[in-house]
Amino acid sequence: MKRTTKLLTAMMTAAVMATSATAVMAQSKGAKIFVIGGKADDPFWSKVKKGADDAGKVAELTGGSVTWLGPQNYDNLGPDAAKLIRTALSQKPSAIVGPDWVPEAMDDAFKEVVAAGVPLIIYNSGGMDAAKRLGAMNYVGNEEYAAGLGGGTYYGSHSSKNVLCVNTLPGATNTEDRCKGIADAIAKSGGKSSQLPLPSSSFGNPTAVAEAIKAAVLKDNTIDGVITISAGDANSAANAISQANAGEKVKLASFDMDETGLQRIKAGTQMFAVDQQPYLQGFLAVSLLNGLVNYGLDLPTKPVLTGPGIVDAANVDATMAGAAAGAR
C-alpha cells in the first residue's frame with residue numbers, strides 16, 4: 001500500500017511539474033490576440049475597446065499583446081469587417097475575437113481562421129448559433145433577440161401601443177434581431193412595432209437621423225414609443241421628439257447608452273435603455289483567449305452572456321457611477 005501511495009504521489013508530482021513547465025513556456029511566449037470591433041470613436045465600441053485594453057494589460061504581463069482593428073466607417077460593414085479578419089489572420093495571431101455582424105459577408109473569413117487552427121471567440125453579434133456554425137470556442141455578449149424581447153416587454157408593461165424601432169444598420173443580424181424582439185414582445189400585450197430602416201451612411205449622422213424620426217412621428221400620430229439601436233441615435237431621437245412637440249406622448253428608449261442618455265433617464269425624458277455591458281464583452285473575450293493560449297483554460301459556460309439588462313430610473317444612479325469610470 002505504501003509503495004502504491006508513493007508511486008501515485010510521484011506520478012502526480014511529475015504531472016504537476018510538466019503542467020507548470022508547459023504553462024511557463026506558454027507564458028514566456030505570450031498570447032498575440034487580435035480584436036475586430038467597431039470604430040474606436042463610436043461611444044459603444046470605445047467601451048468594448050476599454051474592456052479589451054484592460055484585459056490586454058494582463059496579456060502584456062505574460063509577454064503577449066492585444067491589437068484592435070476597426071473599420072473607418074460603417075458604409076460597407078460586412079465586407080470591410082471580413083478584410084479586417086483576414087488582416088488579423090495574416091499577422092499569425094495566437095487568437096482572434098470578432099463579431100459576426102453580417103454572416104453572408106464575414107463567415108468565410110471566420111472559417112479561414114478556424115481552418116488555420118487559430119482559436120476564435122465570436123462576441124457582440126451572432127450569438128452561440130454563429131459560434132457553433134463557425135467552429136468558435138465560445139460566444140461572449142448579448143442575445144439580441146432576447147434583448148429586443150426585454151425592451152418590448154418593458155414598453156408593453158408601461159402601456160405603449162405603437163413603437164418605432166429606428167435601425168441605422170439595416171441588414172446587420174444584431175440590429176434586425178433587436179427590432180424583431182421589440183415587435184414580438186409588444187404584440188403579446190396588444191401593441192405593435194414597425195421598423196424605420198435608414199441607410200447605414202446615416203449612422204453617426206445626427207441631423208439625418210433626427211429628420212427621419214421627426215418625419216415618421218409627425219406622419220403617424222399614434223406612435224407612442226421610439227427606440228433606437230444605439231446610444232448616439234437616441235440623442236438624435238430625443239431632438240426629433242422635441243422638435244415634433246411629442247415629448248409628452250412619445251416615450252424614448254435605446255439599446256445601449258451613453259452619459260447623455262443616462263442623464264435623460266435620470267431627468268425622466270428617456271424611459272429606459274437596454275444594456276449589454278460592452279466593457280465586459282471586450283474584457284471577458286480577451287481574458288478567455290489569453291487564459292486558453294497561456295494555460296489551456298476554458299469555461300464550460302457557453303455562451304457567456306453579458307446582457308440584456310434594463311437601466312431605468314430605479315438603477316440609473318449606480319449605472320452613472322460606472323459610466324464615470326468609462327465602463328458603462
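Select cysteine 165 to begin: at 1% relative accessibility, this residue counts as buried (under 20% relative accessible area, where over 50% is exposed and in between is partly exposed, with a 1.4 Å probe and protein chains only). The model is predicted, so that local features need pLDDT of at least 70 and side-chain atom pairs count only at pLDDT 80 or more, while totals for chains, interfaces and linings use all residues. Residues are numbered from 1 along each chain as its sequence is written, and side-chain values use heavy atoms, with hydrogens and water left out.

Next, add cysteine 179, which counts as buried at 5% relative accessibility. Cysteine 165 and cysteine 179 form a disulfide, with their sulfur atoms 2.0 Å apart; the term denotes a pair of cysteine sulfur atoms within 2.5 Å. A disulfide is a covalent bond between the sulfur atoms of two cysteines. The angle about the S-S bond is -75 degrees, and the link is left-handed. Show the ribbon as well: cysteine 165 is in strand β6 (residues 162-167) and cysteine 179 in helix α7 (residues 173-187), 14 residues apart. Helices (H or I, at least four residues) and strands (E, at least two) are DSSP runs, numbered from the N terminus.

Now select Pro43, Phe203, Gly204, Gly232 and Asp233, which lie nearest the centre of the largest pocket among its 20 lining residues. A pocket is an open set of points on a 1 Å grid over the protein atoms alone where a 1.4 Å probe fits, with protein on both sides within 12 Å along at least five of seven lines; lining residues have an atom within 4 Å of a point. Finally, select α9, which gives six residues, the largest share of this lining.
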